[in-house]
Amino acid sequence: MNASINGRDYTFEPGETILQVARRNGIFIPTLCHFRPLNHKPGTCRVCLAEVTDRNGHTEMLTTCNTPMEEGMRVNTRSSRVRNMQRLQVELIFADHDQDCAACARHGDCELQDLAEFVGLATNRFASRLSHDRPFDNTMHGMVRDMSKCIRCLRCVEVCRKVQGVAALTVDGTGTGAHIGVGMAPSQNTSACIQCGQCTLVCPTGALAERDENDEVLNYLSNPELTTVFAFAPSVRVAIGEDFGLPPGENVEGKVVAALRRLGADIVIDTDFAADVVIMEEGTELLGRIRNGGKLPMFTSCCPGWVNYAEKHCPDILPHISTTRSPQAVSSSLVKSYLADKMGIPSRRIRNISVMPCTAKKDEAARAQLYANGQPDTDVVITVRELSRLLRRCGVDLAALEPEPFDNPYMSDSTGAAVIFGTTGGVMEAAVRTVYATLNHKELPGVNVVPVRGMEGLREADVDLGEEHGVIKVAVAHGLGNARKLVDQALAGESPYTFIEVMACPGGCVAGGGTCRVKQNYQPHAIERQKGLYAIDSAMPHRQSHNNPQVISLYKDYLGEPNSHKAHELLHTHYTDRSKVQTESISATKKKLTLTDYSA
Ligand code: SF4
Ligand code: SF4
Ligand code: SF4
C-alpha cells in the first residue's frame, strides 16, 4: 500500500499507524505519552500531530500514534500549521505543570524539556495557570510522587499493572484535577505499592522519582566525628558507567571505589562480600529445611521489593521465605558489629552508606527489624542515579578516574558467586554452587548452572545434589507477575520446587528501579549489564561463596558457623503480615482496574 509523507512516497502494511510508517522511514514526529517498549499508546498528550489529507482531498489535523495509514493518504509533519499546533499543545501541557525545573528530579534528563526544545518554545503564554492542589506524596522511604509534574501519559500505570502485576496506580480526579492516584489508599506508602521503582524508570518527567538523599550523605561526609563506610551492590559496577558515557555493561568497579574515595569516604567495602555471607546462611537454612521437614519450597529473601510484595499481597507465603537478611542488611549489620570490633571504631560513630540499584532498598533500611540499639544498621541508601548526581555535584568525572582496588582487610573480598547476585538467576546459581559443595565435599562440576541463566520470566532446573538428596527442582522468577504464579502454586501445595529465587524487577538488579534510565526506553541495557556480571564471575579467582577468604575468617573469628546463634542474631530477620492495613484499598483498586480502564 502507498501513501506519502512530506511529499515522498512510502509503502506500508495494513494496520500500521502514521507514526509507525514515519519512524520506520526515519521521519521524526515528537511523542510523549506513546511508549514503544510497552506498546503503550493512550493518545493523551496530543503532541504527535500531523496534517493528513485523505483520498477525497479532505484535510484535518490528527494524532499520528493512533491514526492508521490509509492508501493514498498525504501526510505533512512539518507545515507551519503543524508546528504551531504542536507548540500550542506543549504550551498547554506546561500550563498544567509546575515548571520549577531547577528544583526538579528530572532537570536535564526530562522528556518534557526535550519536547519544549523540539517545538521551539520561546515564550510561555500560559505559565502559572496551574492549580497547585494535586498530591505531593512523600510518605514513602524509597520514592516521591509529585503530581504537579505529571503529564498523564499513564506509562507508570501500565508498567505497574502489566509488568509487575501490582496495579497500585490509578487515575484519580477529572479535568485539570486529574492525576495519578493510589486507588483507595490514603497514601502510596499504605497502598498496594511495593516501592520497586519500575514506574520511575518510565516516567518521562519528575512526577515519579527516587527520594534524593544526597544531602544526608554530604552531611555525614563533612562531619569529622563520623566514620563513613560506603558499600555498593554487584550491579552498580556494570551500570553506572553509562551515566558517564561508558559502554553499558563495562565493569567500572575500580572507578567507583576511586570515586567514593574522592567524595571523602573513610572506608569503601564491597556488598559482594555480604552476598557471599548470605549464601552461607541461606544455603545452610535450605539444607536445614530439607533435612528437618521445614517449609518448602523456600523462597529467596534478598529482594526487598519481593519481600514487600509478599507482606502486602500474599502474606501466607511468608513462612516460605528464607529468614536470611539481604546483602545490604547483612553488610550493614556486620559493619557495625564485626568491622567495628576489628577496626576499633565505636559503632555509634559509623555511618553506613549503601549504593544500590533499587528504590525498595531505601524502604528496607527503614524496617524496624533492621535497627540495633535504636539506630538503623543502614544509615542511608542512595540509588545509582543519585550517586551519578552526587558525583556531578562534587565535580567527579567517573570516566576519567584510574581504577582503585578495595583494600579493607575484613569485608572487601568477593567471589564470582557474589557478583552474579546482580542478575536474575544469580542468587540461585550461587546457592547451588555452595550447597552442592557442602553436601559432596567437592566443587560443582563445571561451576556454571546454565539452565537458571537468561531472561525468560520463569525458568527451572533439575539440580543433582548428590547421593544424600538426589535431584531437586529449582525455579527462578523475575517481575512480580511471574513470581505470583509460583506463589499461588506453592500455596496450593502443588509446587514441584524445593528452592525458588524471586527478584521483583524484570531482569533482577541490573534493571532495578534505581538504576540508570534511558529516555523513551525501558531497560534497554539489562542484557549487556547481565553479560558484564557473568564476565566478572568467570574471571574471578574464587567463584564459590564458601571459598571467599574473608568469609572463612568471619566465621572462624566471629560467627562460629553458618546459622549459629550469633549469626541468627546479626544476619537473620522476620517478616510481618502487612496485608490487613491495606486489604481494603488493594482489593478495591484491583477490582476496579480493567485492561482498558485505569480509573479508580
Ligand atoms: S518535569 Fe521536566 S519540565 Fe517539568 S519541572 Fe521537571 S524538569 Fe522541568
Ligand atoms: S514502585 Fe512499583 S509497585 Fe509502586 S507504583 Fe511504581 S511500579 Fe507500581
Ligand atoms: S506520573 Fe509520570 S509516568 Fe505516570 S502518568 Fe504522570 S508523567 Fe506519566
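In the predicted model, H6 passes H12 in a right-handed crossing. H6 spans residues 214-221 and H12 spans residues 384-393. The two helices pack at an angle of about 55°. Their axes lie 10 Å apart. This geometry makes H6 oblique to H12.

H12 is largely enclosed by the rest of the structure, because 7 of its 10 residues are buried. Val384, Arg385 and Glu386 belong to this buried set. Leu387 and Ser388 belong to it as well. Leu390 and Leu391 complete the set. Just after H12, Gly395 adopts a positive phi of about 70°.

A further helix, H7, covers residues 253-263 and contains Ala259. Ala259 has a relative accessible area of 1%. That value is under 20%, so Ala259 counts as buried. In sequence, Ala259 and Glu213 are 46 residues apart. In space, their C-alpha atoms are 18 Å apart.

Two ligand sites were examined. Ligand 2 is surrounded by Met143, Cys160, Val166, Leu169, Gln188, Cys193, Ile194, Gln195, Cys196, Gly197 and Cys199. By class, this shell has 8 nonpolar and 3 polar residues. No charged residue is found in the shell of ligand 2.

Ligand 3 is surrounded by 13 residues. The closest are Cys150, Cys153, Leu154, Cys156 and Cys203. The shell of ligand 3 divides into 11 nonpolar, 1 polar and 1 charged residues.

Cysteine pairing was then considered. The structure holds 0 disulfides. Cys65 is in no disulfide, and its nearest cysteine sulfur, that of Cys48, is 3.9 Å away. A disulfide requires sulfur atoms within 2.5 Å, so the pair Cys65 and Cys48 does not qualify. Cys65 has a relative accessibility of 3% and therefore counts as buried.

Cys509 is also unpaired, because its sulfur is too far from the closest cysteine sulfur for a bond. That closest sulfur belongs to Cys303 and lies 6.7 Å away. Cys509 has a relative accessible area of 31%. This value falls between the limits of 20% and 50%, so Cys509 is partly exposed. Cys65 is thus buried, whereas Cys509 is partly exposed.

Technical notes
Residues are numbered from 1 along each chain as its sequence is written. Chains are lettered from A and ligands numbered from 1 in the order in which they are written. This is a predicted model: local features need pLDDT of at least 70, side-chain atom pairs count only at pLDDT 80 or more; totals for chains, interfaces and linings use all residues. Side-chain values use heavy atoms; hydrogens and water are left out. A residue is near a molecule or strand if one of its heavy atoms lies within 4 Å of it. Ala, Val, Leu, Ile, Met, Phe, Trp, Tyr, Cys and Pro count as nonpolar, Asp, Glu, Lys and Arg as charged, and the others, Gly among them, as polar. Buried means under 20% relative accessible area, exposed over 50%, partly exposed in between (1.4 Å probe, protein chains only). Axes are lines fitted to C-alpha atoms, for helices over the stretch in contact, and angles run from 0 to 180 degrees between N-to-C directions. Helices (H or I, at least four residues) and strands (E, at least two) are DSSP runs, numbered from the N terminus. Angles under 35 degrees count as roughly parallel, over 145 as roughly antiparallel, 65 to 115 as roughly perpendicular and the rest as oblique. A crossing is left-handed if the near helix is turned anticlockwise from the far one by less than a right angle, and right-handed if clockwise.
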